[in-house]
Amino acid sequence: MGDHVLGVAMNGVTGRMGYRQHLTRSVLAIRDAGGLELADGSRVVPRPVLVGRSERKLREIAERHDIEDWSTDLDSVLSDPSVSIYFDAQITHAREAAVRSAIAAGKHVYVEKPTAATLDASLELAELARRAGLCNGVVQDKLFLPGLLKLRRLVESGFFGRVLSVRGEFGYWVFEGDWQAGQRPSWNYRAEEGGGIVLDMFPHWHYVLEHLFGPVRSVTARTATHIPTRWDENGEPYEATADDAAYGIFELEGGVVAQINSSWSVRVDRDELVEFQVDGTHGSAVAGLRSCRVQHRSTTPKAVWDPDKADPGRYRAQWEEVPDNADFPNGFRAQWELFLRHVVQGTPFPHDLLSGARGLQMAEAGLLSAATGRTVELKEVAL
C-alpha cells in the first residue's frame, strides 16, 4: 500500500482566506500531519503548488512553509501531470476562466464561491466538469463549523418536531478606511469587480438552508449601500457601488420561512458574528459559529407582557447549551479532507459545482428581487 501524493495547484493563496484557511490550516496541516489516512491504511498526502500573479509574494510564502513548487504561469502548472487538483480562491471575476482552463487540462477542481460571475456561467462549469468525468467541489465551510454541526445533530434527531422558521443575523462593522483600515478588501464594495454582500453571503445562506432544512423555492430581498464612500488600500476615497447590506426572506420547500439579515454596516450585539435561531413545534435552538443553545417545549417558560412593570424574565438564562460530544477540526480542513477522499476513493461529495450554481441562483434572485420589489421564484436547475 503506497501513499497517494496529489499535486494541488492553489491559486489565490496570497489573499487572506486562501492563505490562512486553505493553505496553512488545511492543505499544509494535512501534509504536516503525514497525510490523510484512508480505511486501507494508506495516506493521501497533498503537495501544494502555489500559483498567483506576484512572484515576490509566492516566493515568500513558499520559503516560509517549505513549499518546493510555485509559479506565476498557470498554464505551465496545469500542464504538469503530477498536479491532480486545481483549487481557486482568486477574486471572483478571475475565477471562471481559470477553472475552465483547469477542466480543459483534466484536473479535478475545488473552488471558493461564487463559482462564477453568473448563474449561466456557473452551470456551464458544472456541465464541463461532469462531461469530463472530473471530481468537482465548492467550498461550503459553514456547514462544518461546530455550531452548525450541533444544529445538524438536532435536526437529524427530530428535536424540533416540525420546523417552522429560521432567523439569521450576520454582520459586523467594516471600517470605512479613512481613520481605520477596513477589514475587507476594497473590491468587495465595487459591483464592477464582483463585490457586494449578496454575491458574497447569499450562496452561504443557500447551502446552509438547503443542506439543513430543504430546497429554497423563492426569494424576497431588499439591499442597501449604507456607506456610499470608502477608502481603499492606498488611502484613496472611492464610491461604493455594491450593496453592503441585504435583508432577505426565503421560502423553503415544506413551508419553512427563513429570514436572514446580512450587513457590513452593523455593530455586533450578539454572542457571535452569525447566529441562526430555528423554531419548531417541539423546540428551538440558537446556533452560532461554535455554540448552540436549545429550549425544549417541555421547558419553555410562559412569557407575559406587561408594559407597566419591569420584565422579570431572564430569557437568555432559560436556554441550555448543547455539549460538544466530539472534537471539531477546522471547518475548511474538514471539507478539504472530504474532497481528497472523494478524489482518491470516489466517496460521496454533495458540495459540487451544481450545488454552488444553486447558491449563485439564489444570489441573482436576491438582486433581482431588490431591483424589482417582487418575490422571485427559483426554478429547479439541473444538468
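## Buried residues, helices and internal spaces in a predicted model

Asp-243 is buried, with a relative accessible area of 12%. The model discussed here is a predicted one. Asp-243 sits in the loop that joins strand E11 (237-239) to strand E12 (245-252). Its side chain meets the backbone of another segment at two points: a polar atom of the Asp-243 side chain lies 2.9 Å from the backbone nitrogen of Ile-197, and the side chain also reaches the backbone nitrogen of Val-198 at 2.9 Å. The C-alpha atom of Asp-243 is separated by 9.3 Å from that of Leu-199, although the two residues are 44 places apart along the chain. Beyond four places in sequence, the residues touched by Asp-243 are Gly-196, Ile-197, Val-198, Thr-223, Ala-224, Thr-225, Trp-264 and Leu-367.

Asn-188 belongs to the loop between E8 and H7. It counts as buried because its relative accessibility is 4%, and the cut-off for burial is under 20%. Outside its sequence neighbours up to four places away, Asn-188 touches Gly-195, Gly-196, Ala-242 and Trp-264. Gly-196 and Trp-264 also appear among the residues touched by Asp-243.

### Two helices

Helix H5 (residues 119-132) contains 14 residues. The distance from its first C-alpha to its last is 20 Å, close to the 20 Å expected at 1.5 Å a residue. The buried residues of H5 are Leu-119, Ala-121, Ser-122, Leu-123, Leu-125, Ala-126, Glu-127 and Ala-129. An α-helix has 3.6 residues a turn, so residues three or four places apart point the same way. The buried residues of H5 pack against helix H4 (92-104), strand E7 (136-138) and H9. After H5 comes Gly-133, with a positive phi near 70°.

Within helix H5, Ser-122 has a relative accessibility of 1% and therefore counts as buried. The side chain of Ser-122 reaches the backbone oxygen of Leu-119 at 2.7 Å. Apart from neighbours within four places in sequence, Ser-122 is in contact with Thr-115, Ala-116, Ala-357 and Leu-360.

Helix H6 (residues 146-157) has 12 residues, which should span 16 Å at 1.5 Å a residue; the C-alpha atoms at its ends are 17 Å apart, in agreement with that expectation. Pro-146, Gly-147, Leu-148, Lys-150, Leu-151 and Leu-154 are the buried residues of H6. They pack against H7, E14, strand E15 (283-287) and strand E16 (292-296). Gly-158 follows H6 and has a positive phi, near 80°.

### Cavities and a pocket

Rolling a probe the size of a water molecule over the atoms shows where empty space is left. Two cavities of 30 Å³ or more are counted in the model. The table sets them beside the second largest pocket.

| Space | Volume | Nonpolar lining residues | Polar lining residues | Charged lining residues |
|---|---|---|---|---|
| Largest cavity | about 50 Å³ | five residues | five residues | one residue |
| Second largest cavity | about 30 Å³ | five residues | one residue | one residue |
| Second largest pocket | about 250 Å³ | four residues | one residue | six residues |

The largest cavity is lined by Lys-113, Pro-114, Val-138, Gln-140, Pro-203, His-206, Tyr-207, Ser-355, Gly-356, Gly-359 and Leu-360. Helix H7 (197-212) and helix H9 (353-372) are the elements that give two or more residues to this lining. H9 gives the most, with four residues. Leu-360, one of the lining residues, is also in contact with Ser-122.

The lining of the second largest cavity consists of Lys-142, Leu-145, Leu-148, Val-274, Phe-276, Gly-288 and Leu-289. Of these, Leu-148 is also listed with the buried residues of H6.

Around the second largest pocket lie Arg-167, Glu-169, Arg-270, Glu-275, Phe-276, Gln-277, Val-286, Arg-293, Tyr-315, Arg-316 and Trp-319. Strand E8 (163-171) and strand E14 (274-280) each supply at least two residues of the pocket lining, and E14 gives the most, with three residues. Phe-276 lines this pocket and also lines the second largest cavity.

Conventions
Residues numbered from 1 in each chain as written. Heavy atoms only, no water. 1 Å grid on protein atoms, 1.4 Å probe; cavity = no way out; pocket = protein on both sides within 12 Å on 5 of 7 lines; lining within 4 Å. Points joined across faces, edges and corners; volume = space filled by probe spheres on them. Nonpolar A, V, L, I, M, F, W, Y, C, P; charged D, E, K, R; others polar. Buried < 20%, exposed > 50% of the residue type's maximum accessible area, 1.4 Å probe, protein only. Contact = heavy atoms within 4.5 Å. Polar contact = N/O pair within 3.5 Å; in protein donor to acceptor, adjacent residues only side chain to side chain. Expected span 1.5 Å × (residues − 1).
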